[in-house]
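Me: I should like to go through this structure step by step, with each answer argued from the coordinates. Please begin once the structure is displayed.

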Amino acid sequence: MSYEKAQSKNVIWDWLTTVDHKKIGIMYLAGGAFFFALGGLEAILMRIQLMFPEFSFVQAQTFNELLTMHGTTMIFLAAMPLLFGFMNFIIPLQIGARDVAFPFLNALGFWLFLFGGLLLNVSWFVGGAPDAGWTAYVPLSSESPGHGLDYYVLGLQVGGLGTLIGGINFLVTIINMRAPGMSMMRMPLFTWSSFVASMLILFAFPALTIGLLLLMLERLFGGTFFAVDFGGNVIIWQHLFWIFGHPEVYILILPAFGIFSEILPTFAKKRLFGYSAMVFATLIIGFLGFMVWAHHMFTVGMGPVANAIFAVATMAIAVPTGIKIFNWLLTLWGGRIQFTTANLFALGFIPSFVMGGVTGVMLATSAANYQFHDTYFVVAHFHYVIIGGVVLGLFGGAFYWWPKMFGYRLNETLGKWFFWLFLTGFHLTFFVQHFLGLMGMQRRVASYLGGQGLESMNFISTMGAFLMTIAFILFLINIFVSTNNKENAADPWDGRTLEWTTPSPVPEYNFAQTPLVRDLDAYWYEKYEGDGKMKAAEPLGDIHMPNGTILPVLISLGLIIASFGFIYMVIPLIIAGLGVTFGSMFVRSIKEDHGYHIPVEEIKRDKEEG
Amino acid sequence: MSSHVDPSAPLQGEPTKNTQRKLKKEMRTQLVSFVLMIFITSMAFLSIASDAIPSGFAIPFILLLAAIQVTLQLYFFMHMNEKGTAWVNIMIWSGLFIAVLTVAALMLLIGVVKY
């Protein structure tokens, strides 16, 4: 394909066929935001049901479906894709690369996620969503009537494939595509933590794949892996799920830690305190994340020795996490702190996340866990770490990188309203849930009796949820009213890392010349030791770009068609779907695709305009 | 330096003396490890085929041989002993470490014996 041919495309076709990491990143963010709103809606419906004792806003069955889909959506379809959006957009820019290592696979990963998520949500309209909790414990899930759980199994399998592909892609990108001079220990911390998160994806997702495969065989083909009367074992599912599930929460939190480690030095005007300790702590958290899965199963009856081992291993994670917290505090110490919206999110994160961490150590105490298990105390704990950690990180990252991604700055006044309303709503919702749990309110119950002292705190909790919703709507409004804040979008925060050396919006080739990295915080170094511009590591020349292709959409679409075939056991549909998928893969394999070159005149013209 | 060289194009001319020596050495290593693999495989087969060896010895013995063979294959056949494979080594070994630890712990946890 020639350069001219690559330019003349209509907008929708362009986005469907794109392999550009920035566009894929934006699509991840848009898809993730859609599912985030959906998961939030499910949460609000549940909170309304729990606003009053014995309220009959939704039926118990609907409530079960809501809570299952809320958890599944928020973890797999909102938090991870939103982080993947930032990783996609920012990592190549931070390491001075023109794209990820495998642009085609990158597009494939996105479309698999999107189609998997949509498949999962189709279940609402065809006889009921999955209703066994996001953990889908057997035998509840293997015996669940209807097709809800089949949608869960196949939707997550397709989406999980996309995540695995994305994780491998980031690993290869970070190892192979760093600009000259960017050694591992000069990488920005967001790239580092995404790297470790990708390693966790690579090692943890196979366990989920196997678990889902067993559950699929059990439900669709009458397998007996979990059927006790045939010599099966129901506990295997719990182990497989949590061998994946615990690293999963670190897959979520580590990139968020990375985002805060970018925001805090920028707005404290100091380099990150203890960079190498931060890297080391990230690696240790990643490693220990695999050693603690059974702390979700203390009450299963593994025996006191196993419980004690996993309790101690879990508490050990508090050490590297504590290192990180103190490093952030010492980054702020003596800094010239600017209270921008992005930094407010980072500052609000520190105490909120520490509260979640403290209850985490309480839960790790295996003896006490018998009291906490499956109560609202657990619900409060994981919402404190996931909202207080991941969601605040996502919003902070959105305000921080928005100018780079979309070419305009979000309104700061509205942003601060959003932050304070959201933080207040969040603590209002979940702080009281600690006490609800300690008073004995079970998690996942569709209703509760009056006169047990649970009414007022449940009411407060629901009010907090409304406040968070209002705050989120304020954020959506902010996106639309800020579109004219276009001045000073290239480097609005006096940034330290390579992404701020590119113009906003970023040209499709990212860097006209690959930059030469001379220190950690490469751009900051050039600002204060050099002439304020990155040194080039190569002469200006034609830039080789990959061609766009529709094949990722077709491959994903084929898998979805096949999934419907499996759910309803329509053999022709299975064959047709897999035919589309493998046919597209075949075309991809035999068709020569050399990409195209952007001529050097074109790049020079961009440089003069920018 | 021309800018666009096709990396998959066939090489021109004869290899240097040094490269020839290296290739010869490489050939020898490959052959030796190939013979070794055959030997290990036949040992594994023999330990099961022969009635003289009790299965209490044969099973751990075969597992040991399997571990040795996988390692040799990774390093000599899959070229993990060469320069520039540090990341491959790190990823494969940490993956193996986590997999072995997880599977071993899982076997203990769901095994007949409760600790």
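Me: Which residue with a positive phi follows H16(A)?

Reply: The model is a predicted one. In it, helix H16 of chain A covers residues 412–438. The residue that follows H16(A) has a positive phi, near 105 degrees, and is Gly440(A).

Me: How many Å does helix H16 of chain A reach from its first C-alpha to its last?

Reply: Helix H16 of chain A has 27 residues, and the expectation is taken at 1.5 Å a residue. The expected value is 39 Å, and the helix comes close to it. From first C-alpha to last, H16 of chain A reaches 39 Å.

Me: Is Phe349(A) buried or exposed?

Reply: Phe349(A) belongs to helix H13 of chain A, residues 341–364. A residue counts as buried if 20 or more other C-beta atoms lie within 10 Å of its own. Phe349(A) has 28 other C-beta atoms within 10 Å, so this residue is buried.

Me: What separation do the C-alpha atoms of Phe349(A) and Val391(A) have?

Reply: Leaving aside residues up to four places away in sequence, Phe349(A) touches Phe260(A), Gly388(A), Gly389(A), Leu392(A) and Gly393(A). Val391(A) is 42 residues apart from Phe349(A) along the chain. The C-alpha atoms of Phe349(A) and Val391(A) are separated by 9.3 Å.

Me: Which helix gives the largest share of the largest nonpolar core?

Reply: The largest nonpolar core has 182 residues, and Ala79(A), Leu200(A), Leu252(A), Phe260(A) and Phe345(A) have the most contacts inside it. The largest share of this core is 20 residues, and its source is helix H4 of chain A, residues 60–94.

Me: Which residues does Phe345(A) touch, not counting those up to four places away in sequence?

Reply: Phe345(A) is among the residues with the most contacts inside the largest nonpolar core. Once residues up to four places away in sequence are set aside, Phe345(A) touches Leu392(A), Phe395(A), Gly396(A), Phe399(A) and Phe419(A).

Me: Which helix gives the most residues to the side of domain 1 of chain A that touches domain 2 of chain A?

Reply: The domain assignment of chain A places 3–549 + 593–609 in domain 1 and 550–592 in domain 2. The contact takes 18 residues from domain 1 of chain A and 14 residues from domain 2 of chain A. On the domain 1 side, helix H2 (11–17), helix H5 (103–122) and helix H7 (148–176) of chain A each supply at least two residues. The helix that gives the most, with 7 residues, is H5(A).

Me: Is chain A as compact as a globular protein of its length, or less so?

Reply: Chain A contains 21 helices and 4 strands. Its radius of gyration is 24 Å, close to the 25 Å that the globule rule gives for 610 residues, so chain A is as compact as a globular protein of that length.

Me: What percentage of the residues in chain A is buried?

Reply: Along the principal axes, the C-alpha atoms of chain A fill a box of roughly 70 × 65 × 45 Å. Of the 610 residues in chain A, the buried ones make up 52%.

Me: How do the residues of the side of chain B that touches chain A divide?

Reply: The contact brings together 14 residues of chain A and 10 residues of chain B. On the chain B side, the residues divide into 6 nonpolar, 3 polar and 1 charged.

How values were computed:
Residues are numbered from 1 along each chain as its sequence is written. Chains are lettered from A and ligands numbered from 1 in the order in which they are written. This is a predicted model: local features need pLDDT of at least 70, side-chain atom pairs count only at pLDDT 80 or more; totals for chains, interfaces and linings use all residues. Domain bounds come from an automatic or database domain assignment. Two residues are in contact if their C-beta atoms, placed from the backbone, lie within 7 Å. The radius of gyration is taken over C-alpha atoms; the globule rule is 2.2 Å times the number of residues to the power 0.38. A residue is buried if 20 or more other C-beta atoms lie within 10 Å of its own, exposed if 12 or fewer, and partly exposed in between; C-beta atoms are placed from the backbone. Ala, Val, Leu, Ile, Met, Phe, Trp, Tyr, Cys and Pro count as nonpolar, Asp, Glu, Lys and Arg as charged, and the others, Gly among them, as polar. The expected span of a helix is 1.5 Å times one less than its number of residues. A nonpolar core is a set of buried Ala, Val, Leu, Ile, Met, Phe, Trp, Tyr and Cys residues joined through C-beta atoms within 7 Å.
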